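Biologist: Could you take a close look at the charged side chains for me, pairs and patches alike? Once that's done, carry on into whatever strands and surface you think belong with them.

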Amino acid sequence: MIAGRTIAVLCAGLLAASSLPAQTVIVRGTVRDANTHRAIPDVSVSIPSGGVGGTTDAGGGFVLRIPDADAVPAVVFRHVSYDSTVITIAALRADGAVFLRPRIIPLTGAEITGTRRDGAAGRELPVMTATLEARDFDLRGYTNAGDLLRGDHSVQVDEEFTGRTLVSLRGGNADEVIVLSDGLRLNSGYTNEFDLALIELADVERIEILKGSNTSLYGSDAFSGVINIVPKQDRDYTLRLHQQIGSYDSGIWGVQFFRRVGRIAGSYSLRSGGMARAFADAPAALLTNSRIHHSGSVAWRMPGVPDSSRSLALTWRVADLAYVNERDNEQMDEGNSFAGLRYDGAVPLLGDLVLAAGYNGLRQSLAFHSAAAAVDRGIDENAVQTRIEKRFSPAGIDVLLSYQFAHASLDVDDHRNDPRVASAGVEATALERMQHGFVAVTKITGETGSTFFRGFDFDVSLRQDVLHDTQDDVTLHGTTATTDVFRERDWSHTLFKFAVSLQGVQDDFLLDVFLGYGNNVRVPTLFQQVQSPALFDSTRAAATLAPETNRSVEIGVALTRTIDAGAVSGWDLTAGLFQNSYENKFRAITTPGIPLTLYDHVDDARISGLEGTAGLFFWGSKVRVEFGISRYFISDRAAFPFRAEHKRTLGLRVHHAGWSVHLFHCTEGEQIGLLRRTDGGVAEVVLPASRTLDLHAGTFLNIGQLRLFLNISLRNILGDDDLVLSGLALRDRRYHLTMGIQY
């Protein structure tokens, strides 16, 4: 009797258990790159039958809540840049580490699961581009963004005595490159240049380089190209500390903080450091540079409909630079500030828009004193900008409309006592520039019907700029200066550009070919307008420089091939041919020993060039060999002073088991500039060709929730000790050791 009751109870229990829902299983893990062991964000994590899934966070982490683990044998991991991987539930529960192998050819856009906005290149006409991702440079110990960009075959980097780092593209000048922070312009309204040493690389997600002048959306004066710096929205740490030591008694330390609370994420970075160098011809005199940077951001992913991408982001930066040159009795103090606000999302009655606004501030004081002369110059610049973008697709045509407004005010005080310069020119003035820009970019996409050249694009852009300049409270040096100093001037110009492109696609092969043509116009900067030779020579006809124009044509091709057998995993190849033709080219005139730069015109100038890159991938991108070459033909070296006509780069990158090694060799041609002598004549100055060999090695170690990282950089190993170029520090032999920890 008792046995029968026991059996009945057991059967009832089993029946009840079978009727209960299966127990929910929680699976946690981290997705990493198989070669670098770096975390991969925005990886799609799903089960084959659907219904359960998500994406990895900034630290590559994921959490799956599976109602019935027995019914879900495996999980699928997908990412645009990696091969898809399927892992069983049992393996994930035993070891949550997932390693993905990088792809040579990315997946189609339909499989991208992240929410990253289109890059700068995707919004413009086709141009040759290069993208530097954060994962490619944050372990190499670069001192600033200019040092990083130097590795591109079409980029030339100039480091000044003051520590300012300027870049130029394709043989052009530094004031022909527009630098953006997530689409907001950073260039000074004073000189139209930007110091890339102001960028904190720890805050950067990627750097996009658009090469060529066929850009309308980002400004007509981008004669050589655009550099867009995209800030990080997420971090894989809460607190990060690092210290860098190296040559010239240099030391840079920094701290970064990041925190996400719900839909709001905030970050703050502090970086401080400097260096001291002795002059070869005056060992007792030092050249010292010191900097301190503060930067931060706040981003709010706003609630809305499912999958809403509405966001509001604020970024800001404050940087101070101090420079002392004991040999030449020169010193400079400079303060830079920037704040940017961007909204992406829907607006009542208007639909989805991009609204952006920014502020730039510059405070600079320069003092030069010697037995023969004295100069004290002060600059105070304030600039605001706004941008509105609307994108829509009527009848399958992609149209982007944009209105841009900018206003810059500049106060200049230039007090000098220099008998070598005529007592003429502007001693003090207040300048203002107001600019309105209207842009329309149209992209027509179609199918060719071919089995290989499946698609084509026809792109057209139109830009109209209206500028108004005023100059008030003018005080001139002496009494011999010309009175033809402008007080009010209106400028207006229209740009038209177009491009056609073809895309060829097979399973293991991609081909992209394009042809582009356009014209650019840029008006003199505020600095150039107060530095015209006519202001120092009453025999000159006019004080105001005429606008500079440029006509450009470019042909580009890019090929990528994947190979699934053997050690070689694939290769890629890019090539471009271009020509820029200038009229009324602005030319800088400098005189040795006199801290004064004047500007006049070269009637006609041209730059034509050929650029190319080739890369080989081994063992699934574990090893990559890269070669780059550029060759430029410059008609007038005076219009493009100290620009190298050729550059060759060779790189070897190895990523294995969390270690990264990068060997980089570069050959850069001689640089020629024309300087005006104190007697009025012209002298040619030649900087010899240079060769560099750099070695970067780095690794990191995960210890629980801590990550330790270490890298060493040896710069210019082949440097010539007999070459005395104290001001061109990037040619000097250097080393840096960087250590850090993050939590």
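Modeller: Let's start with a network: Asp 175, Glu 176, Arg 522, Glu 548 and Lys 585 are linked to one another by salt bridges. Keep in mind that this is a predicted model. The full count of salt bridges comes to 38.

Some single pairs are worth a visit too. Take Arg 734 and Glu 159, which form a salt bridge whose closest N and O atoms are 3.3 Å apart. This one ties together distant parts of the chain, since Arg 734 sits in strand S38 (residues 734-742) and Glu 159 in strand S9 (residues 155-159), 575 residues apart. Are the two partners buried or exposed? Arg 734 has a relative accessible area of 7%, so it counts as buried. Glu 159 is at 10%, so it is buried as well.

Now go to Arg 551 and Glu 583, another salt bridge, with 3.5 Å between the closest N and O atoms. Here the link runs from strand S28 (residues 548-562), which holds Arg 551, to strand S29 (residues 568-591), which holds Glu 583, and the two residues are 32 apart in the chain. Arg 551 has 39% relative accessibility, so it is partly exposed. Glu 583 lands in that class too, because its value is 36%.

S29 comes up again with Asp 572, which makes a salt bridge to Arg 624 with the closest N and O atoms 3.3 Å apart. Asp 572 is in S29 and Arg 624 in strand S31 (residues 623-634), so the pair spans 52 residues and again joins distant parts of the chain. What about cover for this pair? Asp 572 is buried because its relative accessible area is 18%, and Arg 624 is buried with a value of 18%.

While we're at S31, look at the loop that runs from there to strand S32 (646-656), because Ala 644 has its place in it. A loop residue needn't stick out: Ala 644 is at 6% relative accessible area, so it is buried. Ala 644 is 10 residues from Ile 634 in sequence, and their C-alpha atoms are 9.5 Å apart in space.

Back to charge, this time on the surface. Asp 411, Asp 413, Glu 432, Asp 472, Asp 473, Glu 488 and Asp 490 make up a negative patch. Strands S23 (397-417), S25 (453-476) and S26 (488-506) are the elements that each give two or more residues to this patch. Glu 488 belongs to S26. How open is Glu 488? Its relative accessibility is 55%, so it counts as exposed.

S25 and S26 turn up in a patch of another kind. Ile 444, Phe 456, Phe 458, Val 500, Leu 502, Val 513, Leu 515, Tyr 517, Val 553, Ile 555, Leu 577 and Leu 610 form a nonpolar surface patch, with about 900 Å² of accessible area together. S25, S26, strand S27 (509-522) and S28 each supply two or more of its residues. Which strand gives the largest share? That's S27, with 3 residues. Tyr 517 lies in S27, and its 36% relative accessible area means it is partly exposed.

To round off, here is some strand pairing. Strand S36 (residues 690-703) pairs with strand S33 (residues 659-668) in the antiparallel sense over 10 bridges, with Ser 660 opposite Gly 698 of S36. S36 also pairs antiparallel with strand S37 (residues 706-715), over 9 bridges. There, Ala 697 has Ile 712 of S37 as its bridge partner. S36 and S37 make a hairpin with 2 residues between them, and Gly 704 in the turn has a positive phi of about 65 degrees.

There's also an open sheet of 5 strands in the order S8-S13-S14-S11-S12, with mixed pairing. S8 (128-133) and S12 (184-185) are its edge strands, each pairing on one side only. S8 runs antiparallel to S13 (residues 204-211), and 6 bridges join them. Thr 129 finds its bridge partner in S13 at Leu 210.

Definitions and conventions:
Residues are numbered from 1 along each chain as its sequence is written. This is a predicted model: local features need pLDDT of at least 70, side-chain atom pairs count only at pLDDT 80 or more; totals for chains, interfaces and linings use all residues. Side-chain values use heavy atoms; hydrogens and water are left out. Patches are made of residues with over 30% relative accessible area and no salt bridge: like charges are joined within 9 Å, nonpolar side chains (Val, Leu, Ile, Met, Phe, Trp, Tyr) within 5 Å. Accessible areas come from the Shrake-Rupley method with a 1.4 Å probe; for residues, only the protein chains shown count as cover. A salt bridge is a side-chain nitrogen of Lys or Arg within 4 Å of a carboxyl oxygen of Asp or Glu. Lys and Arg count as positive and Asp and Glu as negative; His and the chain ends are not counted. The place of a charge is taken as NZ of Lys, CZ of Arg, CG of Asp or CD of Glu. Helices (H or I, at least four residues) and strands (E, at least two) are DSSP runs, numbered from the N terminus. Buried means under 20% relative accessible area, exposed over 50%, partly exposed in between (1.4 Å probe, protein chains only). Two strands pair if DSSP finds at least two bridges between them.
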